[in-house]
Amino acid sequence: MPGREVMPSTLKRSPAKAQRTWEKTHDSAVETYGEGERAHRAAFAAVKHEFEKVGDHWEPKGRKGPSDKQAAGGGPARRAPTAGGVDANATKDHLMEVAKKLDVRGRSRMTKPELVKAIEKANVTATRKARGGR
């Protein structure tokens, strides 16, 4: 199935470059691995290399590169938790800006790992609302 047809709604609300990255990587991964979770993981990995999830969409990162420990380590044998699209490798100042954008309460007293978790939670909430949930 073409990447455009199975593209997640968060990417449909994102810049065209993020959509193209998802689509091209997904379609290539389908040719290699077949349709399914592995193709989706490959496409998200490519998106996360250049974009970060902010609320219900993806925005360009200030730099290219892995966004968390899982992305840095890679490979199916090394399964580590991801940060759900949050650029956990970003500076604390950047994470504070994202948290402010998402109106995360208590952000000024949070550590960097706490900010990552709070942003991830705010992203899930924003995506749920954008999809018509509560």
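Which residues of helix 6 (residues 92-101) are buried? The legends below address this point and others in a predicted model.

**Figure 1. Overall architecture of the predicted chain.** Seven helices and two strands make up the chain. Read from the N terminus, the elements follow the order α-α-α-α-β-β-α-α-α. The chain comprises 134 residues, of which 36% count as buried. Among contacts with a separation of 6 or more, 44% are between residues 24 or more positions apart. About 7,900 Å² of the chain is exposed, and carbon and sulfur atoms supply 52% of this area.

**Figure 2. Buried and exposed residues of helix 6.** The buried residues of helix 6 are Leu 95, Val 98 and Ala 99. Viewed down the helix axis, these residues fall within an arc of 100° and therefore line one face of helix 6. In general, an α-helix has 3.6 residues a turn, so residues three or four places apart point the same way. Asp 93, Glu 97, Lys 100 and Lys 101 are exposed on the other side of helix 6.

**Figure 3. Packing partners of helix 6 and the residue Asp 103.** Two elements, strand 1 (51-54) and helix 7 (112-130), pack against the buried residues of helix 6. Asp 103, which follows helix 6, has a positive phi, near 55°.

**Figure 4. The largest nonpolar core.** This core contains 14 residues, and the members that touch the most others are Val 86, Leu 95, Val 104 and Ile 119. At least two residues of the core come from each of helix 6 and helix 7. Helix 7 gives the most, with five residues.

**Figure 5. Surroundings of Val 104 and the second core.** When neighbours within four places in sequence are left aside, Val 104 is in contact with Ala 99, Met 110, Ala 118 and Ala 122. Of these residues, Ala 99 is also one of the buried residues of helix 6. A second core of eight residues is separate from the largest one, and its members include Leu 11, Ala 18, Ala 43 and Phe 51.

**Figure 6. The environment of His 26 in helix 3.** His 26 is located in helix 3, which spans residues 16-33. The relative accessibility of His 26 is 0%, and this residue therefore counts as buried. The side chains of His 26 and Asp 27 are joined by a polar contact of 3.4 Å.

Notes: Residues numbered from 1 in each chain as written. Predicted model: local features only at pLDDT ≥ 70, side-chain atom pairs only at ≥ 80, totals over all residues. Heavy atoms only, no water. Helix = DSSP H or I, 4+ residues; strand = E, 2+ residues; numbered from the N terminus. Buried < 20%, exposed > 50% of the residue type's maximum accessible area, 1.4 Å probe, protein only. Polar contact = N/O pair within 3.5 Å; in protein donor to acceptor, adjacent residues only side chain to side chain. Contact = heavy atoms within 4.5 Å. Areas by Shrake-Rupley, 256 points an atom, 1.4 Å probe, with all protein chains shown as cover. Arc of directions from axis to C-beta. Core = buried A, V, L, I, M, F, W, Y, C linked by side-chain atoms within 4.5 Å.
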